[in-house]
Amino acid sequence: MRKQKGFSLIELLIVVAIILIIAAIAIPNLLRARIAANESSAASIVRTLNTAEVSYVTAYPATGYATAMTNLGGGAVPCVPAAATACLIDETLATNGNPAGSGKSGYSFAATGIVTGTVNGTYLVTATPLALNSSGVNSFCAVEDAVVRKNPAGTIAGSHDACAALNSLGN
């Protein structure tokens, strides 16, 4: 009888089983790494929005903080700074990834000026996961003290005071 060349069915099944076991171990780690990257990006964007708000209030003191994120961006190219379009952040972030509010890095962002007296004397910046426990676990927020805070529940801080009551990112 001639010796056959190639692999037997049992050998191939063993190799496939080993590959499946390795994949079962690796995929959850990859998903956790993606969530960690999304959260890091979201916290960084909240810091960027804090800086943009401070720059905006410095440039337009009669207005106070920006009413919305679109005021921090620049609609036209080339961008001409004005109170309605300050050219401080990129347009993708300023429109929150629109169309369809698709956000950035798995998070949806908002920045809102809050009227105190005659100007927007405070603001609230929020970052909320688009798909909780899939694109991110924590939500982030900041107010005019520029401290980035996190909410481990992943829900949005609905008000200035609710955000200010949360622990800072370092805690």
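These are my notebook entries on a long helix, the nonpolar cores, one serine and the disulfides of this structure.

**Entry 1: the model and helix α1.** I note at the outset that this is a predicted model, and I read what follows with that in mind. I began with helix α1, which runs over residues 9–59, and asked whether its length fits its residue count: at 1.5 Å a residue its 51 residues should span 75 Å, and since its end C-alpha atoms are 72 Å apart, the two values agree. I then looked up which residues of α1 are buried, and found I35, N38, E39, A42, A43, I45, V46, L49, N50, A52, E53 and Y56. What covers the buried residues of α1 includes the helices α2 (69–72) and α3 (91–94), together with the strands β1 (107–116), β2 (119–129) and β3 (139–142).

**Entry 2: the nonpolar cores.** The largest nonpolar core holds 25 residues, and those in touch with the most other members are V46, L49, L72, I89, F109, A127 and F140. Two or more residues of this core come from each of α1, α2, α3, β1, β2 and β3, and the largest share, seven residues, is given by α1. I followed A127 further: leaving out neighbours within four places in sequence, A127 is in contact with A42 and V46, with Y107, S108 and F109, and with S139 and F140. Another core, of five residues, lies apart from the largest one, and among its members are L124, C141, V143 and C163.

**Entry 3: S139.** Having met S139 as a contact of A127, I looked up its surroundings. S139 lies in strand β3, and with a relative accessible area of 3% it falls under the 20% limit and therefore counts as buried. A polar atom of its side chain lies 2.5 Å from the backbone oxygen of T155. Not counting residues up to four places away in sequence, S139 touches Y107, A127, T128 and P129, then R149, K150 and N151, and also G154, T155 and I156. I also checked S139 against A43 of the helix: their C-alpha atoms are separated by 8.8 Å, although the two residues are 96 residues apart along the chain.

**Entry 4: the disulfides.** How many disulfides does a search of the whole structure find? The search finds two, and with the bonded cysteines numbered in sequence order the pairing is 1-2, 3-4.

C79 and C87 form one of them, with their sulfur atoms 1.5 Å apart, and the link is left-handed, with -85° about the S-S bond. Are these two cysteines buried or exposed? Neither word fits, because C79 at 32% relative accessibility and C87 at 27% lie between the limits of 20% and 50%, so that both count as partly exposed.

C141 and C163 form a disulfide with their sulfur atoms 2.1 Å apart, and the torsion about their S-S bond is about 105°, so this disulfide is right-handed. C141 lies in strand β3 and C163 in helix α4 (residues 160–164), so the pair ties together parts that are 22 residues apart in sequence. I find C141 buried, at 1% relative accessibility, and C163 buried as well, with a relative accessible area of 0%. Both cysteines of this pair are also among the members of the five-residue core noted in Entry 2.

Note on methods
Residues numbered from 1 in each chain as written. Predicted model: local features only at pLDDT ≥ 70, side-chain atom pairs only at ≥ 80, totals over all residues. Heavy atoms only, no water. Helix = DSSP H or I, 4+ residues; strand = E, 2+ residues; numbered from the N terminus. Expected span 1.5 Å × (residues − 1). Buried < 20%, exposed > 50% of the residue type's maximum accessible area, 1.4 Å probe, protein only. Contact = heavy atoms within 4.5 Å. Core = buried A, V, L, I, M, F, W, Y, C linked by side-chain atoms within 4.5 Å. Polar contact = N/O pair within 3.5 Å; in protein donor to acceptor, adjacent residues only side chain to side chain. Disulfide = S-S within 2.5 Å.
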